[in-house]
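Here are my notes on the model you sent over, set out point by point so you can follow along on screen. Have the structure open beside you as you read.

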Amino acid sequence: MVSQQVAGADKDEADLRRADSLAREIFSDVANKWAFLIIEALGERTLRFTELRRAVEGVSHKMLTQNLRMLERNGLVERCAHPTVPPRVDYTLTEPGRALRGTVDAMCDWTHRYLGAIEHARLRFDG
């Protein structure tokens, strides 16, 4: 009985370590400006690649492609390719992506709320 409890505790510990490692990996992937802006731009809608590129000001074709693939790999964005000529590809947030959008929105709200204080601190620091 005691050995089963120890084995269960070891399994729980391993599961926690695995979850922490995965969380760090995902955070590392999505904690970049392009991923945040893509998530924000998609919001509750579906956009084609070109629409998304226009919505995310300054993103290159390559960076948009890389970030969309990363978001799709992590299950945050769904890619739907339509068999048309020319090909049409749509992107939309998945349920986990929409949940993450709440966090992205909160960070954007935080930025707007403290923009003046941040700018003031940077001016002081930069001299």
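**Notes on the predicted model**

1. Let's begin with L47, which is buried, because its relative accessibility is 7% and the cut-off for buried is under 20%. Please keep in mind throughout that this is a predicted model. L47 sits in strand β1, which covers residues 47–48. Leaving aside residues up to four places away in sequence, L47 touches A41, L42, L52, V89, D90 and Y91. One of these partners deserves a second look: L47 and Y91 are 44 residues apart along the chain, yet their C-alpha atoms are separated by 5.4 Å.

2. For a contrast in distance, try D20 and T84. This pair is 64 residues apart in sequence, and 42 Å lies between the two C-alpha atoms. D20 belongs to helix α1, residues 2–30. Is D20 buried or partly exposed? D20 has a relative accessibility of 42%, so it counts as partly exposed.

3. Next, have a look at the peptide bond between V85 and P86. This bond is cis, with omega at about -5 degrees. P86 is in the loop that runs between β2 (77–82) and β3 (88–93).

4. Now for the helix packing, starting with α2 and α4. Their axes come within 10 Å and cross at roughly 75 degrees. Angles of 65 to 115 degrees count as roughly perpendicular, so that is the description for α2 and α4. On the α2 side, the contact uses W34, A35, I38 and I39, and these meet M63, L64, N67, L68, M70 and L71 in α4. By type, the residues in this contact are nine nonpolar and one polar, with no charged ones.

5. Helix α2 also packs against α5. Here the axes are 9 Å apart and the angle is about 110 degrees. These two helices are therefore roughly perpendicular to each other as well. From α2 the contact takes F36, I39 and E40, while α5 supplies G97, L100, R101, V104, D105, M107 and C108. The residues of this contact divide into six nonpolar, one polar and three charged.

6. R101 merits its own point. This residue lies in helix α5, and with a relative accessible area of 19% it is buried, because the cut-off is under 20%. Which residues does R101 touch, not counting those up to four places away in sequence? The partners are I39, E40, G43, E44 and L93.

7. Finally, the largest pocket. The space in it comes to about 170 Å³. Its lining is made up of K33, F36, L37, E40, V104, M107, C108, W110 and T111. Two elements, α2 (33–42) and α5 (95–126), each give two or more residues to this lining. Which of the elements gives the most? That is α5, with five residues. Sorted by type, the lining has six nonpolar residues, one polar and two charged.

8. One link to take away between points 5 and 7: F36 and E40 of α2 take part in the contact with α5, as do V104, M107 and C108 on the other side. These residues also appear among those that line the largest pocket. You may like to display the contact and the pocket together when you go through the model.

Terms used:
Residues numbered from 1 in each chain as written. Predicted model: local features only at pLDDT ≥ 70, side-chain atom pairs only at ≥ 80, totals over all residues. Heavy atoms only, no water. 1 Å grid on protein atoms, 1.4 Å probe; cavity = no way out; pocket = protein on both sides within 12 Å on 5 of 7 lines; lining within 4 Å. Points joined across faces, edges and corners; volume = space filled by probe spheres on them. Helix = DSSP H or I, 4+ residues; strand = E, 2+ residues; numbered from the N terminus. Nonpolar A, V, L, I, M, F, W, Y, C, P; charged D, E, K, R; others polar. Axes fitted to C-alpha atoms, helices over the stretch in contact; angles between N-to-C directions. Parallel < 35°, antiparallel > 145°, perpendicular 65-115°, else oblique. Contact = heavy atoms within 4.5 Å. Buried < 20%, exposed > 50% of the residue type's maximum accessible area, 1.4 Å probe, protein only.
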